[in-house]
Every structure is written in structure tokens, then in C-alpha cells.
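Okay, thanks everyone, I'll keep this one short. Have a look at the sequence and the model on the screen, and then I'll walk you through it.

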Amino acid sequence: MRGAHFARKLLAHERAETFARPPKCGRCHGTEIEIRRRRNGNWFWRCYAVKCKTTSSGRSNAWTLDIRLRGGL
Ligand SMILES: [Zn+2]
């Protein structure tokens, strides 16, 4: 029981560390990154720079990156 509790705390800490350090956008290399959560519960980064997410045809196509956390959560 204590072990499970400890693991949960560790995971929460690691998640906080990961979320505190957003990556640069893989497309525009900008730092206008926000965190989002999918309906299935997975977290991902998303670039919201207007010049990056808007295609030449004017459609929105934001760069995203799935966040992988150790422990599978
Ligand atoms: Zn971008």
C-alpha cells in the first residue's frame, strides 16, 4: 500500500516536471506551446503560433506532439 502511494507521488512529481518544460515546436521551432488533453486522457503539446498553425489555404493545422510519461500514464 505504501509502495503504491509512493509510486503515485513520484509519478505526479514527474508529470509536473514534464509539464513545466514544454518542447519547442517541431515545425516553427517556436515556444508558443500549450498543453492539451485528448478525450482518451492522453496529454499532448500543441503549437498555437498563428503563422505555424495556419496553412497557405487558411486552414488550421496545428503541430502537436504526444507526451509520453514514464509509467504509462
Ligand atoms: Zn509551431
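So, how are the donor residues of the zinc ion spaced in sequence? The pattern is C-x2-C-x18-C-x4-C.

Before going further, the housekeeping. This is a predicted model, where local features need pLDDT of at least 70 and side-chain atom pairs count only at pLDDT 80 or more, while totals for chains, interfaces and linings use all residues. Residues are numbered from 1 along each chain as its sequence is written, and side-chain values use heavy atoms, with hydrogens and water left out.

Back to the metal. The zinc ion has the SG atoms of C25, C28, C47 and C52 as its protein donors, lying 2.2 to 2.3 Å from it. A donor here is an N, O or S atom within 2.8 Å of the metal (3.2 Å for Na, K and Ca), and water is not among the atoms, so sites may look incomplete. Why is the arrangement called tetrahedral? Because the 4 donor atoms subtend angles of 104 to 113 degrees around the zinc ion. The rule for four donors is that all angles lie between 85 and 135 degrees. For reference, the ideal angle for four tetrahedral donors is 109.5 degrees.

One pair of those donors links distant parts of the chain: C28 is in the loop between α1 and β1, C47 is in strand β2, and they are 19 residues apart. Helices and strands, by the way, are DSSP runs numbered from the N terminus (helices are H or I, at least four residues; strands are E, at least two). C28 counts as partly exposed at 23% relative accessibility, whereas C47 is buried at 0%. The cut-offs: buried is under 20% relative accessible area, exposed is over 50%, and partly exposed is in between, with a 1.4 Å probe and protein chains only.

In that loop between α1 and β1 you'll also find H29. Its phi is near 60 degrees, a positive value in a residue other than glycine. Most residues other than glycine have a negative phi. H29 counts as exposed, at 56% relative accessibility.

Now the sheet. Which order do the strands take? It's an open sheet of 3 strands, β1-β2-β3, with antiparallel pairing. Two strands pair if DSSP finds at least two bridges between them. β1 and β3 are the edge strands, each pairing on one side only. From one strand to the next, the twist averages 25 degrees; that uses axes fitted as lines to C-alpha atoms, for helices over the stretch in contact, with angles running from 0 to 180 degrees between N-to-C directions.

Strand β1, residues 33-37, is joined to β2 by 5 bridges. Going along it, I35 has W45 as its bridge partner, R36 stands opposite F44, and R37 is partnered by W43. The hairpin of β1 and β2 has 5 residues between the strands, and there G41 takes a positive phi near 100 degrees. On the other side, 3 bridges join β2 to β3, residues 64-66, and there W45 is the bridge partner of L65. As for β2 itself, residues 43-47, 4 of its 5 residues are buried, so the strand is largely enclosed by the rest of the structure.

Last, the rings. How many aromatic pairs are there? The count is 2, taking rings of Phe, Tyr and Trp (its six-membered ring) with centres within 6.5 Å; planes under 30 degrees apart are stacked, over 60 edge-to-face, and the rest tilted. One is F19 with W45, edge-to-face, 6.4 Å centre to centre and 85 degrees between the planes. F19 lies in helix α1 (residues 2-19) and W45 in strand β2, so this pair ties together parts that are 26 residues apart in sequence. F19 is partly exposed at 24%, while W45 is buried at 6%. Ring pairs link F19, W43 and W45 into a cluster.

And F44 has a neighbour too: the charged end of R38 sits over its ring, 4.1 Å from the centre. That means NZ of Lys or CZ of Arg within 6 Å of the ring centre and within 35 degrees of the ring normal.

Key:
Tetrahedral: all angles 85-135°; square planar, octahedral: opposite > 155°, others 65-115°.
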